[in-house]
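Me: I'm new to reading protein models and would like a close look at one part, the places where the ligands sit. Could you take me through that part slowly, and then show me what else is worth a look around it?

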Amino acid sequence: MIKKIGVLTSGGDAPGMNAAIRGVVRAALSEGLEVYGVYDGYLGLYEDRIEKMDRRSVSDVINRGGTFLGSARFPQFKDEAVRQKAIENLNKHGIEALVVIGGDGSYMGAKCLTEMGYPCIGLPGTIDNDVPGTDYTIGYLTALNCVISAIDRLRDTSSSHNRISVIEVMGRYCGDLTMAAAIAGGAEYAIVPEKPYDETQLIEDVVKGIKNGKKHSIIVVTEHITDVHQLSKKIEARTGRETRATILGHVQRGGAPTAFDRVLASRMGVYAVDLLINGHGGRCVGVVSGELVHHDIIDAIENKRRVFDEELYLTAAKLF
Ligand SMILES: Nc1ncnc2c1ncn2[C@@H]1O[C@H](COP(=O)(O)OP(=O)(O)O)[C@@H](O)[C@H]1O
Ligand SMILES: O=P(O)(O)OC[C@H]1O[C@](O)(COP(=O)(O)O)[C@@H](O)[C@@H]1O
Ligand SMILES: [Mg+2]
């Protein structure tokens, strides 16, 4: 049976990553395994910054946002020779399998290691909710709460000033955060990457809203679709209403994880260790309809697509 495992966090940090590391470390120790933490994701793996963890290593972290192990973007990991060095480092420590907590990019890294014969388990950790094979990623719902509270605040001031508010939300190329925040924040318009964007139509809809008596409007837009400052200027020019753009930025990534994310992360951490002691490597973990599931990581990346939630989209359309 497997005796030594490693754990790392990679890509953009997400609230609940600490709870997931803690789940992996404590479950592994409870099962009699040795567990090693890797600092700063694949970068630390390459640079051999690896330390043995004990139960106290993960004390006082369950409530903290971010990741105490650190994270990194390390594009060099796409290079096979770099990954080979990482595997050599793992072998040197006698670490037989690695739990990777991260988003779609980190999953690619874990898939590549698995293809090179080194077994990995992927846990979905990203605010973007863009990982295949799971309904929710660790950190998504915490970030969603943050976005909603920002929208609430912007609503207060934009309604006081009869202004239009354009709010840019993270998500990379996934509109889940935008869609859900728009519904929960009572926004008038949600612009997401999964649907065509028609700027002229949007501006005319805003004009129509004003004609129908709207005193202010909230438009929520996923990043990378348009320049929200330019869009605001165009809306202001067409409507004659003051319009302000707000890019929420990295505040969305921080803060204490919600109860849901702490529980989800803890469950997934324990589940990852269960998979490894039962001889499963090369898997990625998800939660589907409340149940934990695991998929082949290579198949999940090559063949599973994130399905856009049409029902949510249609619901939003009736509420705006
Ligand atoms: N195609 C790939 N092959 C190997 N490693 C990758 C690949 N894509 C991403 N990675 C690794 O995963 C890291 C995190 O990916 P990134 O997309 O930045 O964040 P996330 O995992 O949160 O989506 C990258 O910095 C890189 O080290
Ligand atoms: O922190 P950075 O490097 O500026 O990256 C910002 C990106 O990271 C995210 O916050 C999280 O994305 P990942 O989980 O893919 O890392 C995206 O929503 C955003 O586009
Ligand atoms: Mg990603």
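Reply: Here is a walk through the two ligand sites, followed by the rings, the cysteines and a few loop residues. Keep in mind that this is a predicted model.

Let's start with ligand 1. There are 15 residues around ligand 1, and the ones that come nearest are Arg 73, Phe 74, Gly 103, Asp 104 and Ser 106. Three of these names come back when you look at the polar atoms. Ser 106 places a polar side-chain atom 2.5 Å from an oxygen atom of ligand 1. Asp 104 also uses a polar side-chain atom, this time 2.7 Å from an oxygen atom of the ligand. Gly 103 joins in with its backbone instead: a polar backbone atom there is 3.0 Å from an oxygen atom of ligand 1. How much of ligand 1 does the protein cover? On its own, ligand 1 has 560 Å² of accessible area, and the protein covers 85% of that.

Now move over to ligand 2. The residues surrounding ligand 2 include Gly 11, Gly 12, Arg 73, Thr 126, Ile 127 and Asp 128. Further along the chain, the surroundings also include Met 170, Gly 171, Arg 172, Glu 223, His 250 and Arg 253. Did you spot Arg 73 again? It is listed among the residues that come nearest to ligand 1, and it is also part of the surroundings of ligand 2. For the polar atoms, look at Thr 126, which has a polar side-chain atom 2.6 Å from an oxygen atom of ligand 2. Asp 128 likewise has a polar side-chain atom 2.6 Å from an oxygen atom of ligand 2. With Gly 12 you should look at the backbone, where an N or O atom lies 2.7 Å from an oxygen atom of this ligand. The protein covers 81% of the 470 Å² of accessible area that ligand 2 has on its own.

Next, follow Phe 74 away from ligand 1 and into the aromatic rings. Searching the whole structure turns up six aromatic pairs. One of them joins Phe 74 and Phe 77: the ring centres are 6.4 Å apart and the planes meet at 40°, so this pair is called tilted. Phe 74 is buried, at 14% relative accessible area, and Phe 77 is buried too, at 4%. Another pair is Tyr 136 with Tyr 140, where the centres are 6.2 Å apart and the planes are at 20°, so that pair counts as stacked. Tyr 136 is partly exposed at 33%, whereas Tyr 140 is buried at 5%. Going back to the phenylalanines, ring pairs link Phe 74 and Phe 77 with Tyr 42 and Tyr 46 into a cluster. Tyr 46 has a charged visitor as well: Lys 85 lies over its face, 5.6 Å from the ring centre. You can find a similar arrangement at Tyr 313, where Lys 195 lies over the face at 4.8 Å from the ring centre.

What about the cysteines? The structure holds zero disulfides. Why is Cys 112 not bonded to Cys 120? Cys 120 has the closest cysteine sulfur to that of Cys 112, but the two are 9.7 Å apart, which is too far for a bond. For Cys 174, the closest cysteine sulfur is in Cys 284, and at 16 Å that is also too far. Cys 112 counts as buried at 16% relative accessibility, and Cys 174 is buried at 4%.

Finally, have a look at some loops. Thr 67 sits in the loop between strand E3 (50-53) and helix H3 (80-93). Thr 67 is buried at 15%, and its side chain reaches the backbone nitrogen of Leu 69 at 3.2 Å. Most residues other than glycine have a negative phi. Asn 162 has a positive phi of about 50°, although it is not a glycine. You will find Asn 162 in the loop between helix H5 (140-160) and strand E6 (164-169), where it is partly exposed at 37%. Ser 289 is not a glycine either, and it has a positive phi of about 50°. Ser 289 belongs to the loop between E10 and strand E11 (291-296), and it counts as exposed at 66%.

Conventions:
Residues are numbered from 1 along each chain as its sequence is written. Chains are lettered from A and ligands numbered from 1 in the order in which they are written. This is a predicted model: local features need pLDDT of at least 70, side-chain atom pairs count only at pLDDT 80 or more; totals for chains, interfaces and linings use all residues. Side-chain values use heavy atoms; hydrogens and water are left out. A disulfide is a pair of cysteine sulfur atoms within 2.5 Å. Buried means under 20% relative accessible area, exposed over 50%, partly exposed in between (1.4 Å probe, protein chains only). Rings of Phe, Tyr and Trp (its six-membered ring) pair if their centres lie within 6.5 Å; planes under 30 degrees apart count as stacked, over 60 as edge-to-face and the rest as tilted. A charge sits over a ring if NZ of Lys or CZ of Arg is within 6 Å of the ring centre and within 35 degrees of the ring normal. A residue is near a molecule or strand if one of its heavy atoms lies within 4 Å of it. A polar contact is a pair of N or O atoms within 3.5 Å; within protein, one must be able to donate a hydrogen and the other to accept it, and residues adjacent in sequence count only if both atoms are side-chain atoms. Accessible areas come from the Shrake-Rupley method with a 1.4 Å probe; for residues, only the protein chains shown count as cover. Helices (H or I, at least four residues) and strands (E, at least two) are DSSP runs, numbered from the N terminus.
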